[in-house]
Each structure stands twice: as C-alpha cells, then as structure tokens.
Amino acid sequence: MGYRVFVRSLFWGCMLYNVFGCSSLLKAMASSKITLPSDASQVTWAHAVNSQEELKKELAGPADFLEADVSMGLLTGNEFGTLVPIMAHPPDTSSDISLEMWIDAVIHHNTGKGVKLDFKSLDAVEPSLGILQRRSEKLNFSLWLNADILYGPIHASITPVKDDLFLLLCHQYFPQAVQSVGWTTNWYPSLPQDEWHYEWMYVRKMADVIRCFGYENNYPSFTFPVRGIFASRSIRQLQWLLGVVPESSLTVWSAKDDPLEIADLKLIRQSFPPDKVFYDIPERLQNALSDVRNTFSYVPRTAFDFNADQWMTFTHGQGPQCTSYSYISNNTIVFGKSLSTAVLLKKMLHVDDDNALKVEGRIKFFKDYERRTSSYPGNHELKIVVVDVSLLSKNSTGESLDLTESDADVLWSAVNASELYSFRQTFNNNCHMFQLDTDNARSFQAWNISCHEMNADKPFDEIVKSGVQVVPYRKRLVLPAVPFMIGFVSTGEDHVVIHDFKLSDGKDIQATSDSCALELSLGLLTFILALYVFHKIA
C-alpha cells in the first residue's frame with residue numbers, strides 16, 4: 001500500500017475518531033510532550049503585558065500565551081541611564097520593567113505559559129536575544145519571536161523590520177523558536193473593500209524571503225500573523241503560502257476598530273485545518289468563536305490536488321535564482337520573474353472516444369514586490385501549451401515522461417512549437433479564465449474578467465458569464481493523436497499565478513473513485529484500531 005494512501009486513510013480514520021481527539025493522538029506520535037491543544041483556536045492570549053502590574057496579573061490569569069512588546073528604552077526612575085530592552089510599545093520609551101526582569105519573572109513562576117515577544121525595530125532584537133540566550137537552559141515555555149518584516153496591505157507606510165537580519169538573528173540565537181513574521185498593514189473605513197486582502201505580491205515575497213534565506217531544508221516553525229479583515233478575503237493566497245512553507249501556520253489578529261465579524265472567522269476556520277490557525281483576537285470575538293467553534297469546521301477539498309511533485313519545471317536563460325523560482329502548491333502555480341519558465345504536467349494525456357479531457361484555471365498577472373508602488377504595468381506573458389510527446393527525443397511509457405535538465409533544449413524546441421493560447425499583462429485588466437473541454441466539440445475558450453469577480457466564491461461557469469470572451473468563438477482543438485502533455489510557459493519581469501487549476505479525464509475520475517473507497521475502508525480500520533488503543537489505555 002502506498003504511503004500517500006496510508007496517510008489519507010489515517011486522515012479518514014481521524015475524521016471518524018475526532019470525538020476522541022485524533023489530532024492530539026497524531027501530535028503525541030510526533031512528540032511525547034504536548035504543550036498546545038490540537039485545535040489552535042482554543043489557545044488564548046494576554047496582550048500588551050508591558051508592566052510589572054500586568055505581568056503579575058497575567059501570570060496568575062487563564063491565558064495560554066503572554067504577548068509583550070520589546071523596545072530599546074529606559075527604566076522608570078533611571079531616565080539618564082543606558083538604553084536597554086524594555087517592555088514598551090512605541091512611542092513609549094520608558095517602562096517599569098526591563099526584558100531581563102520580565103523574563104526572569106516568567107521563568108521563576110514556571111506556569112508553562114507561552115511567550116510571544118513583539119519587536120517593532122531591529123535595534124532591540126539582538127540585545128534581547130542575547131538576554132534570552134544566557135537563560136536558554138531555563139526557558140521552560142514555548143517561545144515565539146514576532147516582527148513585521150515586509151510591507152503589506154493597504155499601501156502600508158510603517159517601515160518593517162529588515163527581513164534578512166531578523167531571520168539571521170533568530171536563526172543564530174534561537175533556531176528552535178517559532179518565528180512569527182508578518183506584514184505592516186494599513187486600514188481606514190473609507191478604503192475600498194476590494195483592496196482588503198493580501199495580494200499575491202505580498203505572499204510571494206514572504207515565500208521568497210524564507211526560501212532564499214538558506215535554511216537548506218532545515219526550516220524552523222513559522223507562523224504568519226495576518227489581519228483578520230484581510231485574511232478572510234485572501235484564502236487562496238494564504239492556503240498557497242502554508243503549502244510552500246514547511247511547518248507553517250497563521251495567527252489571525254485584529255485591531256480594536258477593525259470591522260472583523262464572526263462570518264470572517266467562520267470562513268477562515270472552514271478553509272484551514274484546525275491546528276493551522278491561531279486566533280489572537282479581541283475578547284468579544286474570542287468568546288463568540290468559542291460559542292460556535294464546534295458548529296463549523298475545516299472542510300477539506302475533495303478535488304484532486306496537483307502539487308509540485310506532479311509537475312516538471314524548466315527554466316531558460318540566466319537570472320536571479322530567488323525571484324525567478326516557481327512555486328506549486330494546492331492547485332496553484334506562482335511563477336517567478338526574469339527567467340522563461342516552462343511547467344509541464346508529468347501525466348501523459350490521451351483523448352479518444354472513451355477519454356474526455358477538461359482543463360480549467362484562473363490567471364492573474366501581478367507586479368513584483370519591489371515594484372509595488374509603481375503604477376505602470378509590467379511586460380509579462382503566459383502561454384498555454386499542448387506538447388506532442390513525439391516531438392521529444394525520449395520514449396514515454398505511456399503514463400509519464402522523465403526529463404532532466406540535460407533535455408532542456410529538446411524541451412524548449414517542443415514547447416515553442418506547441419502554443420495553444422497566449423495571455424499578456426496589460427494596464428487595464430490582468431485577470432483571465434480559460435477552459436479546454438474535449439467533450440464539448442473539442443473547444444478552447446478564454447475570458448478577460450474583473451479580478452474582483454474572478455476571486456468570488458462562485459462556480460466557474462457562473463463567473464465567466466460576466467467576462468469578455470477573448471477567443472471570439474469556441475476554438476476548435478486539433479489535439480495530438482499520440483499522448484501529449486499540457487503545461488504553461490511564463491516569460492517577463494513581473495509574476496503570474498494560475499490558481500484553481502483543475503484537470504479531469506475518465507481515468508482520473510475512476511482512479512479517484514477507487515482510491516476514495518480504499519481510503520474510507522482503511523480509515524474505518526484505523527478508527528477501529530484507535531478505539532481499541534483508547535480503551536486499552538483507559
């Protein structure tokens with residue numbers, strides 16, 4: 001039995017066993033010491049614990065985490081002394097408690113409460129981490145290190161902490177700590193709601209910063225603090241980000257006057273596994289979420305997912321290796337810039353009277369993060385290609401084609417001869433949808449569509465009704481008689497994303513049906529085994 005089938009079977013068993021806390025069981029398999037509940041929404045937070053009085057109160061309080069701000073400043077009564085890390089939120093420059101006093105009190109009380117330290121400027125980071133490092137053997141709690149390291153929505157003007165230096169210091173002093181890295185944000189009620197989201201340029205840049213730091217696949221745990229009113233409108237972007245950054249999660253937060261509603265939290269909770277989202281929100285919303293958390297839950301997507309190992313990626317030319325990288329996760333491909341990049345699905349496709357093929361997706365061109373303030377469009381192109389395998393020099397097995405970098409010239413020749421349709425970045429409209437359907441007169445169709453409409457949670461066929469058809473009629477497809485591959489080629493100085501990519505044919509549908517039946521059966525066996533273990537332990 002394949003490993004994936006086993007894991008997915010275990011998932012179904014867990015779904016059945018959920019009443020007994022299967023997530024906790026899985027966590028216990030990974031670690032003998034469980035410090036957090038399997039449902040991250042149950043974790044509670046004490047905010048702005050920046051004084052002796054607040055610290056004393058919260059150490060005796062019910063909160064699971066103590067959240068405090070660290071700045072360089074002076075202790076009260078010592079206004080002419082040396083600047084030291086103190087517990088204060090800018091613009092405050094003095095406090096009655098230093099970080100050293102604060103952390104010693106937390107260690108002494110040994111409550112097991114987690115600690116989240118929030119840095120608003122880089123100058124406080126290294127002195128603070130030095131204080132913590134000298135006590136590293138006494139730190140008996142979960143440590144989170146937080147900073148906003150990138151500009152974010154909406155046209156944020158607050159200067160972020162320098163990203164590479166923050167990651168470097170965290171990695172140097174406390175690689176085992178959770179690194180909480182986010183975006184500076186800006187919001188006013190008058191700002192149009194179609195701007196209330198984390199654009200692709202922001203999440204793409206975050207992925208680049210982490211990937212290009214040089215962890216060499218030894219990543220720390222990351223959590224991304226996201227503003228709730230933006231997060232609920234950025235589900236696709238954040239699902240993709242968690243998919244490409246290992247061991248990552250979200251921490252939803254809200255400012256005092258944000259119009260965050262329980263409907264926003266419901267959407268977030270339904271879109272992510274419960275152990276992937278923490279809620280650091282006002283008490284009113286935390287109580288409301290607690291009252292209804294068990295009435296709605298994460299709904300896994302049932303569609304077949306296309307992830308990175310199912311695609312081949314080739315680049316042509318030379319360019320910056322960081323920003324030119326293409327990420328694939330959760331039926332989403334986010335292309336890099338500068339280098340021409342071809343991404344081909346490894347699966348061999350064949351269309352005849354018994355095998356219909358349907359492919360659809362949504363496309364958005366977006367600016368590079370470094371050009372976020374520019375009003376000028378870039379020059380980017382995305383081609384859809386259908387590659388006849390006979391154009392390639394290697395023989396296929398009929399199911400897949402194993403190409404390597406040494407085959408790049410052959411591949412590019414085949415790709416250049418295989419264009420089905422080309423989309424281009426423009427000033428007015430950078431969102432498009434496409435559909436290839438061999439069951440419908442072997443047709444190909446494409447639409448220009450408003451980005452706001454394309455992001456709506458509606459069926460494909462309903463959304464395209466509001467679009468402008470750019471293929472003036474249903475383009476008749478002449479597909480190769482031999483097996484072929486479908487893919488995309490991206491070229492230009494900005495970025496493009498394909499999301500909600502779907503592909504189905506008769507084989508996939510049958511295979512998926514058989515696989516689900518097998519997984520449900522194995523899941524039932526897992527459920528029975530879990531019950532047996534539970535009762536033995538009890």
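This report describes selected features of one predicted model, from a five-stranded sheet to two single residues.

## Basis of the model

The structure is a predicted model, in which local features need pLDDT of at least 70 and side-chain atom pairs count only at pLDDT 80 or more, whereas totals for chains, interfaces and linings use all residues. Residues are numbered from 1 along each chain as its sequence is written, and side-chain values use heavy atoms, with hydrogens and water left out.

## The open sheet

Five strands form an open sheet in the order 11-14-22-16-17, with antiparallel pairing; strands (E, at least two residues) and helices (H or I, at least four) are DSSP runs numbered from the N terminus, and two strands pair if DSSP finds at least two bridges between them. Strand 11 (311-316) and strand 17 (419-424) stand at the edges with a single partner strand each, so one side of each is left without a neighbour in the sheet. From one strand to the next, the twist averages 15°.

Within this sheet, strand 14 (residues 340-345) and strand 22 (residues 484-492) run antiparallel and are joined by four bridges, and Thr341 stands opposite Ser490 in strand 22. Helix 12 (residues 408-416) lies across strand 11, strand 14, strand 16 (380-388), strand 17 and strand 22, and runs at about 95° to strand 11; angles run from 0 to 180 degrees between N-to-C directions, and axes are lines fitted to C-alpha atoms, for helices over the stretch in contact.

## A pair of crossing helices

The axes of helix 4 (residues 99-109) and helix 5 (residues 125-133) come within 10 Å and cross at roughly 35°. Leu99, Glu100 and Ile103 of helix 4 and Ser128, Ile131 and Leu132 of helix 5 make the contact, where contact means heavy atoms within 4.5 Å.

## A buried and an exposed residue

Ser249 lies in strand 9 (residues 248-253) and counts as buried because its relative accessibility is 9%; buried means under 20% relative accessible area, exposed over 50%, and partly exposed in between, with a 1.4 Å probe and protein chains only. Leaving aside neighbours within four places in sequence, Ser249 is in contact with Phe222, Thr223, Phe224, Leu242, Lys276 and Phe278.

Pro189, by contrast, counts as exposed, at 64% relative accessibility, and lies in the loop between strand 7 (178-184) and helix 7 (200-211). Although Pro189 and Asp258 are 69 residues apart in sequence, they are 8.5 Å apart in space, C-alpha to C-alpha.
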